Amino acid sequence: MGTAEPHPASRRLRLVSAQGAGGQPSPAPAPASDEEILLAFQRGERGIGLRLYEHLLPVVDRTLYRILGCREQDHADLVQGAFEQIVSTLTKHRYAGECSLAGWASVIACHVGLSALRARRRERKVIDRTPGSPEPGAGPEPPSQGADPEREVSAQRDLEALRRHLAAMDGDRATALLLHAMGYSLKEIADLTGVSVAAAQSRLSRGRRELQARCEPEAAARRDPARPEEPR
């Protein structure tokens, strides 16, 4: 397997770091704003696809990782799927601009991640893809430095159960919970999902109750090992 060609962005970064007048490094250009990206997209400017990708890749990748907990072999496909939906949204003028492009991208990535969770949950019925199973390309969440191994295993088990429950929940409620966990305010969640603040509050409240109801049987089983766990 030959050496991969350097990414175009890498070459561009080396160029902008070149020295300017007086031997001083030239300042790096300011990141493009949402307005600049959207205007370039509407005009169909050359290279806008790469600019859009570089502008939104961090939030798309981070959102997918937070939901799935690892970067498995299909991670690049999930990123691509999210960007296909982003481009489709912009092409069909469905992005109203009431929230940031990064926020809008995080919502789309949430839907893609939840769909992947559901698919993986179905696959686990016939294929073992539990954390710790050797799989090329997988990148499970790293353990905390100096953490208690027993507590770390328990935390990983809790996270896996949380993702399993989110995959089984109503999509709107799960999305509201995920956005809230990522630090978005209620008003921002309402803007991102295109509903009123009251509707966003309802989804978030119902999502919390549903998640608690799903988690309680497992918590009770841990407190009382003799008590049979309710079927999922």
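Is Phe 83 buried or exposed? In this predicted model, Phe 83 is buried, at 9% relative accessibility. I'll begin with that residue and work outward.

Phe 83 is part of an aromatic pair, one of 2 in the structure. Its partner is Tyr 53; the ring centres are 4.9 Å apart and the planes sit at 40 degrees, so the pair counts as tilted. Tyr 53 belongs to helix α3 and Phe 83 to helix α4, with their positions 30 residues apart, so this pair links distant parts of the chain. Tyr 53 itself is partly exposed, because its relative accessible area is 32%.

Phe 83 also turns up among the contacts of Val 60. Leaving out neighbours within four places in sequence, Val 60 touches Val 79, Ala 82, Phe 83, Ile 86, Ala 105 and Ala 109.

That brings me to the core. The largest nonpolar core has 45 residues, and Val 60, Ile 86 and Leu 179 have the most contacts inside it. Helices giving two or more residues to this core include α3 (48-68), α4 (75-91), α7 (171-181) and α9 (197-223). The largest share comes from α5, with 10 residues.

Next, a polar residue, Thr 175, in helix α7. Thr 175 has a relative accessible area of 2%, so it is buried. Again leaving aside neighbours within four places, its contacts are Cys 110, His 111, Leu 114 and Thr 193.

Cys 110 leads to the cysteines. How many disulfides does a search of the whole structure find? The count is 0. Cys 110 is buried, with a relative accessible area of 0%. Cys 215 is partly exposed, at 29% relative accessibility.

Last, helix α2, which also gives two or more residues to the core. Its buried residues are Asp 34, Ile 37, Leu 38 and Ala 40. Why do they lie on the same side of α2? They span an arc of only 165 degrees around the axis, and that places them on the same side of the helix. As a reminder, an α-helix has 3.6 residues a turn, so residues three or four places apart point the same way. On the face turned away from the buried side, α2 carries the exposed residues Glu 35, Gln 42 and Arg 43. After α2 comes Gly 44, with a positive phi near 70 degrees.

Technical notes. Residues are numbered from 1 along each chain as its sequence is written. This is a predicted model: local features need pLDDT of at least 70, side-chain atom pairs count only at pLDDT 80 or more; totals for chains, interfaces and linings use all residues. Side-chain values use heavy atoms; hydrogens and water are left out. A disulfide is a pair of cysteine sulfur atoms within 2.5 Å. Buried means under 20% relative accessible area, exposed over 50%, partly exposed in between (1.4 Å probe, protein chains only). A nonpolar core is a set of buried Ala, Val, Leu, Ile, Met, Phe, Trp, Tyr and Cys residues joined through side-chain atoms within 4.5 Å. Helices (H or I, at least four residues) and strands (E, at least two) are DSSP runs, numbered from the N terminus. Contact means heavy atoms within 4.5 Å. Rings of Phe, Tyr and Trp (its six-membered ring) pair if their centres lie within 6.5 Å; planes under 30 degrees apart count as stacked, over 60 as edge-to-face and the rest as tilted. The arc is that of the directions from the helix axis to the C-beta atoms.
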